[in-house]
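Student: I have a model open and want to learn to read its features. Where do we start?

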Amino acid sequence: MQAVRSILVVLDPEHAHSRALTRAKLIAGVTGARLHLLMCDKKQDHAALLSLLSSQLHDDGYDNVTYEQHWQETLHKSIIQVQQAEGCELVIKEHRPDNPLRKALLTPSDWKLLRECPCAVLMVKSERPWTGGKILAAVDVGNQDEDHRRLHASIIDHGYAIASLAKGELHVISAHPSPMLAASDPVYQLSETIEKRYREACLAFQAEFDISADRLHIAEGPADVLIPYTEKQCEAVVTILGTVARTGISGALIGNTAEVVLDTLESDVLVLKSEEATAHLAELARD
């Protein structure tokens with residue numbers, strides 16, 4: 001989080017009070033990052049509001065504030081185009097759930113933003129203050145390939161950084177698969193054996209990232225059920241997920257979890273990407 005030098009704050013033309021801006025001010029207040037305010041609207045008649053917000057931020061002590069209006073075909077494409085042009089390392093946007101009928105017919109724009117944006121995206125869902133709250137980081141401890149290891153490190157680093165700036169507490173959730181009775185390897189047929197392997201992997205993970213046992217939550221089952229359950233149990237204010245694959249979210253824990261749980265979670269949601277995914281999506285955005 002300390003490496004974030006420029007934050008793109010996506011404002012909603014229909015909602016004057018911006019939860020996204022509240023979160024951006026908190027982060028910029030600690031990191032000193034530039035705030036770039038963006039209004040995506042075909043009408044492009046929000047210059048007066050953007051100027052007023054910029055002046056208020058300057059009065060509040062935020063010296064590096066810029067703003068613009070932009071529209072390019074769709075909301076998520078507009079956001080990504082500005083993110084690339086401005087070199088922002090973090091996009092902050094308020095998430096408002098689509099109605100079920102619209103979601104059934106169209107892929108929600110926030111899903112597309114999570115899939116295609118080359119940088120980290122923070123979806124703000126709540127007005128609850130982060131101060132003193134719990135941060136929940138979702139990882140796949142059982143997956144030890146190099147891409148996942150680097151992504152795990154990034155997720156935990158961001159978790160600690162947010163916990164530090166919010167004076168909160170970092171918790172970690174990791175799911176392990178249910179027994180596969182049809183598996184040819186007997187080791188995958190026994191729940192006890194699977195859990196034992198995960199427990200061993202978790203001990204190494206705890207040692208590497210300094211996670212105490214009382215803050216590590218291990219459970220058997222699907223991530224899209226376990227993450228919201230653990231988030232509610234912890235009363236987390238931020239949940240951090242990661243993506244490894246070139247398109248969408250990947251991994252035994254993550255799957256397409258970010259998209260599935262986006263409306264289910266009550267906390268804010270930070271989605272990070274692996275170095276490979278970031279490079280690939282940046283290349284696509286330039287095409």
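Tutor: With a helix, in what is a predicted model. The expected span is 1.5 Å times one less than the number of residues. Helix H8 covers residues 223-234, 12 residues, so it should span 16 Å. Its end C-alpha atoms are 16 Å apart, which agrees.

Student: Which residues of H8 are buried?

Tutor: Apply the cut-off: buried means under 20% relative accessible area. In H8 that gives Ala 223, Leu 226, Ile 227, Pro 228, Thr 230, Glu 231 and Cys 234.

Student: What follows H8?

Tutor: Glu 235. Its phi is positive, near 55°.

Student: Now the sheet. What is the order of its strands?

Tutor: Read across the pairings. The order is E3-E2-E1-E4-E5-E10-E9-E6-E7-E8, an open sheet of 10 strands with mixed pairing. Strand E3 (65-69) and strand E8 (216-220) are the edge strands, and each pairs on one side only. From one strand to the next, the twist averages 20°.

Student: In which sense do E6 and E7 pair?

Tutor: Parallel, over 5 bridges. E6 holds residues 134-138, and E7 holds residues 169-176. For a single bridge, take Ile 135: its partner in E7 is Leu 170.

Student: And cysteines? How many disulfides are there?

Tutor: The test is two cysteine sulfur atoms within 2.5 Å. The count is 0 disulfides.

Student: Why do Cys 40 and Cys 202 count as buried?

Tutor: Use the 20% cut-off again. Cys 40 has 8% relative accessibility, so it counts as buried. Cys 202 is at 1%, so it is buried too.

Notes
Residues are numbered from 1 along each chain as its sequence is written. This is a predicted model: local features need pLDDT of at least 70, side-chain atom pairs count only at pLDDT 80 or more; totals for chains, interfaces and linings use all residues. Side-chain values use heavy atoms; hydrogens and water are left out. Buried means under 20% relative accessible area, exposed over 50%, partly exposed in between (1.4 Å probe, protein chains only). Helices (H or I, at least four residues) and strands (E, at least two) are DSSP runs, numbered from the N terminus. Two strands pair if DSSP finds at least two bridges between them. Axes are lines fitted to C-alpha atoms, for helices over the stretch in contact, and angles run from 0 to 180 degrees between N-to-C directions.
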